[in-house]
Amino acid sequence: MMNETFHWNDRELLRYLGCKNGTAPDQNTADLIMQCKQELEAVASPRVTWREYPLSFQGHVIDMTCLQTQSKSLERNLRDCERVLLFAATLGSQVDVLLHRYNMIQMSKAVVMQAASVAMLETFCDEQNEKLKEEYQEKGWYLRPRFSPGYGDLPIELQDPILRLLDAPRRVGLCATDRHILTPRKSVTAVLGISDGEISPQK
C-alpha cells in the first residue's frame, strides 16, 4: 500500500488507453479509470534502487566497469557521458495479482487496469528520475533520459546483470525469468548517462 498520495498523469493514462489528443473518455470508461486508480493505489508498493558506475568506451564496447555491452542506440544516448546510473523500479507483486484477477473476471476493466498500471509505473519512474536529476545538477552534473534493455538495439538480456549489480531481488524484490522478463511485470530497469554538460543526445 502506498504511504502517500500518488500524482497521476491522466494525459499519459488516456494515451495508453488509445484516447488521442487528450480526448475525454465516455462516462463508463471514466468510472473504470477512477476505480482502477483507487485499487492500484491500495495495493501498489513502488520501490526503486540505483547505483553509479564509471563509464568508458572501448571501440564500440560500452564499459560500465562491472558490465559491458554493445548498442549503437545506447552509445548515442551516452555520448559525452563520464558515468552512468543503473536504475531499477517496480510497483510490486500485488499489482500483478490485481491484473491477473481482472483478466480472469472482467476484461473491460482489465484493459483499463493495464493502462493505468503502465501509467503509474512511468510516472513513478519519471518522478524518481527528476529527483535524481535535481540532486546531480546541484553537483554540476546532468542526467540523460533513461534507456532500458529491449529498446532499440540494447539487448534485453542486459536485464540480468543490471538486477545482479543492483542486488535488486533483495533490495526491491525484482527478478527476471529465464527469458529475461522482469517479475513483477510492472517493473523497469534502465541506464542513465551522467555528463558534466547539458548536451542533448544525438538522434
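**Exercise 1. A pair in a helix**

In which helix do Arg15 and Glu12 lie, and how many residues apart are they?

Solution. The model is a predicted one. Step 1: locate the two residues. Both Arg15 and Glu12 belong to helix α1, residues 10-16, and they are 3 residues apart, about one turn of the helix. Step 2: recall the helix geometry. An α-helix has 3.6 residues a turn, so residues three or four places apart point the same way. Step 3: check the contact between the side chains. Arg15 and Glu12 form a salt bridge whose closest N and O atoms are 2.7 Å apart; the cut-off for such a pair is 4 Å. Step 4: check accessibility. Arg15 has a relative accessible area of 47% and is partly exposed; Glu12, at 23%, is partly exposed too.

**Exercise 2. The order of the sheet**

Determine the order of the strands in the open sheet and state which strands stand at its edges.

Solution. Step 1: read off the order. The 4 strands run β1-β5-β9-β6, with antiparallel pairing. Step 2: find the edges. β1 (47-54) and β6 (142-143) each have a single partner strand, so one side of each is left without a neighbour in the sheet. Step 3: examine one pairing. β1 is joined to β5 (residues 83-90) over 8 bridges in the antiparallel sense. In this pairing, Glu52 is found opposite Leu85 of β5.

**Exercise 3. Helices on the sheet**

Identify the strands that helices α5 and α6 meet, and give the angle of each helix to β5.

Solution. Step 1: take α5, residues 107-138. This helix lies across β1, β5, β6 and β9 (187-195), at about 150° to β5. Step 2: take α6, residues 159-166. Helix α6 packs on the sheet and touches β1, β5 and β9, and its direction makes about 90° with that of β5. Step 3: check the span of α5. With 32 residues, α5 reaches 47 Å from its first C-alpha to its last, close to the 46 Å expected at 1.5 Å a residue. Step 4: look at what follows the helix. Gly140, just after α5, has a positive phi of about 85°.

**Exercise 4. Salt bridges**

How many salt bridges does the structure hold, and which residues form a network with Asp126?

Solution. Step 1: give the total. The structure holds 8 salt bridges. Step 2: start from Asp126. Its partner Arg146 has an N atom 2.9 Å from an O atom of Asp126 at the closest approach. Asp126 is in helix α5 and Arg146 in the loop between β6 and α6, so the pair ties together parts that are 20 residues apart in sequence. Step 3: extend the link. Glu122, Asp126 and Arg146 are joined in a network of salt bridges. Asp126 is partly exposed, at 42% relative accessibility. Step 4: consider another pair. Arg79 forms a salt bridge with Asp80, with closest N and O atoms 3.1 Å apart. Arg79 is partly exposed at 26% relative accessible area, and Asp80 is partly exposed at 42% relative accessibility.

**Exercise 5. A loop serine**

Is Ser71 buried or exposed, and which residues does Ser71 touch?

Solution. Step 1: place the residue. Ser71 sits in the loop between β4 (68-69) and α3 (72-77). Step 2: apply the cut-off. Buried means under 20% relative accessible area, and Ser71 has 3% relative accessibility, so Ser71 counts as buried. Step 3: list the contacts. Leaving aside residues up to four places away in sequence, Ser71 touches Ile62, Asp153 and Leu154. Step 4: describe the polar contact. The side chains of Ser71 and Asp153 make a polar contact of 2.6 Å.

Conventions. Residues numbered from 1 in each chain as written. Predicted model: local features only at pLDDT ≥ 70, side-chain atom pairs only at ≥ 80, totals over all residues. Heavy atoms only, no water. Pairing = 2+ DSSP bridges. Helix = DSSP H or I, 4+ residues; strand = E, 2+ residues; numbered from the N terminus. Contact = heavy atoms within 4.5 Å. Axes fitted to C-alpha atoms, helices over the stretch in contact; angles between N-to-C directions. Buried < 20%, exposed > 50% of the residue type's maximum accessible area, 1.4 Å probe, protein only. Expected span 1.5 Å × (residues − 1). Polar contact = N/O pair within 3.5 Å; in protein donor to acceptor, adjacent residues only side chain to side chain.
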